[in-house]
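Me: I am new to this protein and would like to go through it slowly, one question at a time. Please explain each term as it comes up.

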Amino acid sequence: MFHQIWAALLYFYGIILNSIYQCPEHSQLTTLGVDGKEFPEVHLGRWYFIAGAAPTKEELATFDPVDNIVFNMAAGSAPMQLHLRATIRMKDGLCVPRKWIYHLSEGSTDLRTEGRPDMKTELFSSSCPGGIMLNETGQGYQRFLLYNRSPHPPEKCVEEFKSLTSCLDSKAFLLTPRNQEACELSNN
């Protein structure tokens, strides 16, 4: 009898807890308006990498030595192309420049990285003002990345990102320290 009462109490506790801390539906991830013809201008310009989340720490290991990253996204020379430049400030103070070319997939919201056919990037809106979220998948990894127009967005933005991605089976979380000044973005 005691075990049945205890099981019933735990069952009701679980129902109450689940109703309070419900994860959002996957459908609440809203893809950004990439129409397969051109990238919306509102998403071009300067972005700061804030945080990452993934199922395992290994999928975020590439960001362990990073203090901060600043990106610039610009329309490419071809209609279905984006140019992404970044400067990575390592924790040891070094600045590392990087460049990528993304190709828009016709009839899809996916972005494909030139030279990396296994990599797919999806862009999602963020509830955080000035925020954007990416889902990168490739050979052996999947990670969510949070970017913002500000290098120091409100803490609430990071907490919402962490909460959302934990509901999407991301058990590892990385917050960039952003203790050092961002490196200058080169123009070439």
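Reply: Accessible areas come from the Shrake-Rupley method with a 1.4 Å probe, and for residues only the protein chains shown count as cover. This is a predicted model, in which local features need pLDDT of at least 70 and side-chain atom pairs count only at pLDDT 80 or more, while totals for chains, interfaces and linings use all residues. Numbering starts from 1 along each chain as its sequence is written, and side-chain values rest on heavy atoms, with hydrogens and water left out.

Me: What share of the area that the protein exposes is supplied by carbon and sulfur atoms?

Reply: The protein exposes about 11100 Å². Of that area, the part supplied by carbon and sulfur atoms is 55%.

Me: What percentage of the 188 residues is buried?

Reply: A residue is buried under 20% relative accessible area, exposed over 50% and partly exposed in between, with a 1.4 Å probe and protein chains only. Counted in this way over the 188 residues of the protein, the buried share is 41%.

Me: Which pattern do the helices and strands follow along the sequence?

Reply: Helices (H or I, at least four residues) and strands (E, at least two) are DSSP runs, numbered from the N terminus. The protein has two helices and nine strands. Read along the sequence, these elements follow the pattern α-β-β-β-β-β-β-β-β-α-β.

Me: Over how many bridges do E7 and E8 pair?

Reply: Two strands pair if DSSP finds at least two bridges between them. E8 pairs with E1 in the antiparallel sense over five bridges, with Leu 145 as the partner of Gly 52. On E7, Glu 136 has Arg 143 of E8 as its bridge partner, and Thr 137 stands opposite Gln 142 in E8. The pairing of E7 with E8 is also antiparallel, and its number of bridges is eight.

Me: Which residue of E7 is the bridge partner of Lys 120?

Reply: E7 is mostly covered, with seven of its eight residues buried, and E8 likewise has seven of its eight residues buried. E6 and E7 pair in the antiparallel sense over six bridges. Within E7, the bridge partner of Lys 120 is Thr 137.

Me: Which residue takes a positive phi in the hairpin of E7 and E8?

Reply: The hairpin of E6 and E7 has five residues between its strands, and Gly 130 in that turn has a positive phi of about 75°. In the hairpin of E7 and E8, two residues lie between the strands, and the one with a positive phi, near 85°, is Gly 140.

Me: Which residues lie nearest the centre of the largest pocket?

Reply: On a 1 Å grid over the protein atoms alone, a pocket is an open set of points where a 1.4 Å probe fits, with protein on both sides within 12 Å along at least five of seven lines, and lining residues have an atom within 4 Å of a point. Strands that each supply at least two residues of the lining include E1 (45-54), E7 (131-138) and E8 (141-148). The lining has 26 residues, and nearest the centre are Phe 63, Ile 69, Phe 71, Trp 100 and Glu 136.

Me: Which residues does Pro 177 touch, not counting those up to four places away in sequence?

Reply: Pro 177 lies in the segment after strand E9 (172-175) and is partly exposed, at a relative accessible area of 30%. Its C-alpha atom is separated by 5.3 Å from that of Asp 67, although the two residues are 110 apart along the chain. By contact (heavy atoms within 4.5 Å), the residues that Pro 177 touches are Val 66, Asp 67 and Lys 91.

Me: Is Arg 178 buried or exposed?

Reply: Asp 169, in the loop between helix H2 (155-167) and E9, has a positive phi near 70° without being a glycine, and counts as exposed at 52% relative accessibility. Arg 178, found in the segment after E9, also has a positive phi, of about 55°, although it is not a glycine. With a relative accessible area of 13%, Arg 178 is buried.
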